[in-house]
Amino acid sequence: MQENDRDLLPEGLGDRLVQQAWASQTVRRAAHDVLAGHGYARVETPVLEFERALASRMAGVQVRRMFRFVDPISLRTLALRSDITAQVARIAATGLAHAPRPLRLSYSGQVVTIKGDGLDPARERLQLGAELIGSDSTEGVAEIVELAIETLRAAGATGVSVDFTLPDLVDTLSAGTLPLPSQNIEAVRQMLDAKDAGGLVDAGGEAYLPLLYAVGPFDSAIERLAAFDVSGVLASRIAALRAIAARVGDKARLTLDPSERHGFEYQSWFGFTIYADGIPGSIGRGGTYSILGQTGRNPEAATGFSLYPDPLIESLSAAGGEERRLFLPLGHDRAVAGRQRAIGWVTVAALSEADDALALGCSHRLEGGEAVAV
């Protein structure tokens with residue numbers, strides 16, 4: 001390393017300075033207050049685990065995105081977590097295997113990948129979410145969708161919108177009324193995901209073309225999906241989507257894209273992506289999935305969501321809000337200062353006569369037992 005680059009950080013990684021760190025803590029505190037209020041107990045997981053444990057608990061976890069290296073003690077491969085959901089699944093299947101179901105858990109922490117997503121170079125992100133273990137019912141899904149919206153709004157987001165999808169749609173249809181050769185199923189999935197009508201026909205999925213048009217605002221898209229489902233094989237899913245949408249009501253804008261699969265590698269019958277005004281791209285996703293028991297068998301149904309609020313944190317940081325900071329001069333009354341902290345002030349005590357309230361970021365100064373603007 002050269003002398004002039006010793007303080008550089010790797011691409012996609014960065015510090016959070018004072019304002020950004022304050023915004024991050026504000027978002028996390030607001031989110032966890034909501035989650036705790038709905039009975040979701042917080043758990044914390046290690047940043048490192050055995051690669052096999054992270055990769056085998058849930059289908060679709062992408063090992064190739066993880067930083068991996070050999071543990072000098074066990075001589076087994078370790079991995080930096082790229083998704084906390086799989087770790088929560090492990091906790092549910094081991095340490096909390098005998099806890100009453102449904103089990104409600106929440107979490108937050110940093111996750112790391114070896115490369116960013118698309119045009120976003122960030123390789124470290126804050127992941128925050130909740131998991132409902134032991135249920136993937138319509139009621140459970142509705143609770144999770146509502147909770148994701150409420151959590152995001154409490155963290156400062158506005159104009160929330162949610163896009164519903166059915167990740168196993170092709171599997172369900174190809175196994176019933178619209179059969180496909182096994183070698184064509186993946187190609188049909190990909191063409192639906194890419195919204196490529198020509199490619200879909202070439203892949204043998206001409207009968208699936210109406211799904212490309214069952215997208216958009218929920219009320220109209222669900223009607224087009226229902227019209228497509230002449231055999232009724234999707235009737236239970238359509239009814240569930242209508243029930244979930246009714247629970248959400250006017251809390252968020254709702255859209256439907258039933259064949260969307262990108263980002264839903266381990267979801268089962270339902271998935272959703274969540275957006276907010278002023279935030280480029282999605283800010284989180286969730287849905288139903290299964291976790292494996294201690295023996296690697298006996299899958300257990302679950303529903304959850306993960307938010308990645310870094311763009312929201314940046315927005316909050318740029319807005320310039322911060323704690324109320326009160327300067328305490330030398331010789332101040334400590335009891336009075338304690339009472340000021342109890343009512344919400346952040347206090348900064350002078351260490352010398354040269355200390356200046358404004359220079360230390362304080363908007364007020366303690367004088368005569370009161371906070372006086374400086």
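Here are some questions and answers on the cores, one helix and a surface patch of this predicted model.

Q: Which residues of helix α8 are buried?
A: Helix α8 runs over residues 218–228. Being buried takes a relative accessible area under 20%. In α8 the residues that count as buried are Phe218, Ala221, Ile222, Leu225 and Phe228.

Q: Within what arc do the buried residues of α8 fall, seen down its axis?
A: Look down the helix and you'll find that the buried residues line one face of α8. Over on the other side, Asp219 and Ala227 are exposed. The buried ones line one face because they fall within an arc of 115°.

Q: What covers the buried residues of α8?
A: The cover includes both helices and strands. On the helix side there are α5 (169–174) and α9 (235–248). The strands include β7 (161–165), β8 (216–217) and β9 (253–256).

Q: Which helix gives the largest share of the largest nonpolar core?
A: This core holds 67 residues, and Val145, Val162, Phe164 and Leu225 touch the most other members. Apart from it lies another core, of 16 residues, with Val43, Leu103, Tyr266 and Tyr289 among them. As for the largest share of the 67-residue core, it amounts to eight residues and comes from helix α4 (residues 138–154).

Q: Is Leu48 buried or partly exposed, and what is its relative accessible area?
A: Leu48 sits in strand β2 (residues 48–50). With Val47 and Phe69, Leu48 forms a nonpolar surface patch of about 240 Å² of accessible area together. Buried would need a value under 20% and exposed one over 50%, so Leu48 is partly exposed, at 32%.

Conventions: Residues numbered from 1 in each chain as written. Predicted model: local features only at pLDDT ≥ 70, side-chain atom pairs only at ≥ 80, totals over all residues. Heavy atoms only, no water. Patch = residues over 30% accessible without salt bridge, like charges linked within 9 Å, V, L, I, M, F, W, Y side chains within 5 Å. Areas by Shrake-Rupley, 256 points an atom, 1.4 Å probe, with all protein chains shown as cover. Salt bridge = Lys/Arg side-chain N within 4 Å of Asp/Glu carboxyl O. Helix = DSSP H or I, 4+ residues; strand = E, 2+ residues; numbered from the N terminus. Buried < 20%, exposed > 50% of the residue type's maximum accessible area, 1.4 Å probe, protein only. Arc of directions from axis to C-beta. Contact = heavy atoms within 4.5 Å. Core = buried A, V, L, I, M, F, W, Y, C linked by side-chain atoms within 4.5 Å.
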